[in-house]
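Biologist: I've got a new model to look at and I'm still learning the ropes. Can you walk me through it?

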Amino acid sequence: MQAQSFVPYNKGLGIGDNYHEWNLLREDISLPAASLSFENVEHNLRWMQNFIEKHNVKLAPHGKTTMCPKLFHRQLHYGAWAITLATVQQVQLAYSAGIRRIIMANQLIGKTNMTIIKQLLDNDPNFDFYCLIDSSTNIEQLGNFFTNEKQKRLQVLLEIGVHNGRTGIRTDEDERIILNSLAQYQNSLALVGVELFEGILNEEKSIRLMLQHAVACLQRLINSNQLARSPPILTGGGSVWYDIVAEEFSKVDPTIDIILRSGCYLTLDRGIYHRAQTCILERSSIVRDISKNDALRPALQIWAYVQSIPETNQAIIGFGNRDAAFDKYYPIPVLHYRSGWSKPIEIKHDKYQITKMMDQHAFMTCPSDHNLIVGDIIVFDISHPCLTIDKWRKILLISNNYTVIDILDTYF
């Protein structure tokens, strides 16, 4: 269930047809609403561009974070090498929006999914597509399906996994079996590198061991001439450990294409990824240097009305589980605005806290001497941007004075 009805962007969201005249403080927009700060998004784009340049790596940010083609293109404008996606439906959407290099960080499984990718590759020889392999069964399926001699080979990455983890091979014997299977389909499949997702682990030591295992695997593939791409690809790096991935992967041959896939840097948050970024700042001198003037900034917020104040120390806010993530931390109230005020005032969020959420209502505790009234606007920072953005078909891109610059369409 999406947070906005299926209507054109200038119908049902706000007053009038020209959204460039809309302002959140004038209450031109129907609330609840989700917004992205233009200034903070642009800052985060520049910040990550600086990071990848200092580490001499490439970036293929995960598009599932926003599923917003306009933001994909901003990421490419600021130096992203490709866009990462997870499903064939997502790949179709990105391709239709003009994205021509995609890492599908998943196995390509199923007849219809294979047919869609095959058609894209057949119709566009410049479409640069990669997917993952981790089983001889899937290799056989892909190898038999992508058999057109006139078509370029399907580019695949060997996925490294861990015991009790997610996908990916576990042992050297798995690797041997995979390579033997690939040898039977050299006309249809091209092994071009090694991939992993380190975010399945929680401790730095085990993550470094996983990364080192991937580096060793890639080196074996290079030494045995098993790779069909020069330079080969080595890719990992979610949004929590990307500094460690860049550090470990940068120890390998400089001719290798090292590709990070962090996605949540674009919006950050005040929860999961804010905490992760704090840890990154503590352990990475390069990140501290980049951030000495300004670190990554939270950009995504939810705007909602005070709906009711049924008790002295509790306000009911007009948004809920349908509008914001609640899997790890509740949204954090940060601004309070009342019609007629010149600007919002900051909220001391140690005194104002969301304690419970239902579908369309949030329960916010307040000090007994609060001055909230029904109809006031509360602005919330969020935790886990992926699971907030996917609740909205329309997100407002706003200026520092809360005027709408653009309306961003998402496609979940």
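Modeller: Sure, and one definition helps before we start: helices and strands here are DSSP runs, at least four residues for a helix and at least two for a strand, numbered from the N terminus. Keep in mind that this is a predicted model.

Biologist: Good to know. Which residue does a cis peptide bond join to Leu 31, and where is that residue found?

Modeller: Omega for this bond is about 10°, and the bond is cis. The partner is found in the segment before β1 (33-37). The residue joined to Leu 31 is Pro 32.

Biologist: What about Ser 230: which residue does a cis peptide bond join it to?

Modeller: Here omega is about 5°. The partner's place is in the loop between α7 and β8 (233-236). Most peptide bonds are trans, so a cis one is worth pointing out. The residue joined to Ser 230 is Pro 231.

Biologist: Which residue that is not a glycine has a positive phi in the loop between α7 and β8?

Modeller: Most residues other than glycine have a negative phi. In the loop between α7 and β8, there's a residue with a phi of about 55°. That residue is Asn 225.

Biologist: Let's move to the helices. Are α7 and α8 parallel, perpendicular or oblique to each other?

Modeller: The axes of α7 (residues 204-223) and α8 (residues 242-249) come within 10 Å and cross at roughly 40°. Angles under 35 degrees count as roughly parallel, and 65 to 115 as roughly perpendicular. The two helices are therefore oblique.

Biologist: And how many nonpolar residues does the contact of α7 with α8 have?

Modeller: α7 passes α8 in a right-handed crossing. On the α7 side the contact residues include Ile 207, Leu 211 and Val 215, while those of α8 include Ile 244, Val 245 and Phe 249. By class there are 1 polar and 4 charged residues, and the nonpolar ones number 6.

Biologist: Which residue meets Lys 70 in a salt bridge?

Modeller: Side chains of opposite charge can pair when their charged atoms come close. The structure holds 25 salt bridges, and in this one the N to O distance is 3.0 Å. The pair links distant parts of the chain, 336 residues apart, with Lys 70 in helix α2 (residues 69-77) and its partner in strand β18 (residues 404-409). The partner of Lys 70 is Asp 406.

Biologist: Last one: what percentage of residues 299-399 is strand?

Modeller: UniProt lists that stretch as "domain: D-serine dehydratase-like", in an unreviewed entry. Its end C-alpha atoms are 11 Å apart. Helix makes up 4% of the stretch, and strand 43%.

Key: Residues are numbered from 1 along each chain as its sequence is written. This is a predicted model: local features need pLDDT of at least 70, side-chain atom pairs count only at pLDDT 80 or more; totals for chains, interfaces and linings use all residues. Side-chain values use heavy atoms; hydrogens and water are left out. UniProt positions are given in the numbering used here, feature names are shortened, and annotations may be inferred rather than shown by experiment. Axes are lines fitted to C-alpha atoms, for helices over the stretch in contact, and angles run from 0 to 180 degrees between N-to-C directions. Angles under 35 degrees count as roughly parallel, over 145 as roughly antiparallel, 65 to 115 as roughly perpendicular and the rest as oblique. A crossing is left-handed if the near helix is turned anticlockwise from the far one by less than a right angle, and right-handed if clockwise. Contact means heavy atoms within 4.5 Å. Ala, Val, Leu, Ile, Met, Phe, Trp, Tyr, Cys and Pro count as nonpolar, Asp, Glu, Lys and Arg as charged, and the others, Gly among them, as polar. A salt bridge is a side-chain nitrogen of Lys or Arg within 4 Å of a carboxyl oxygen of Asp or Glu.
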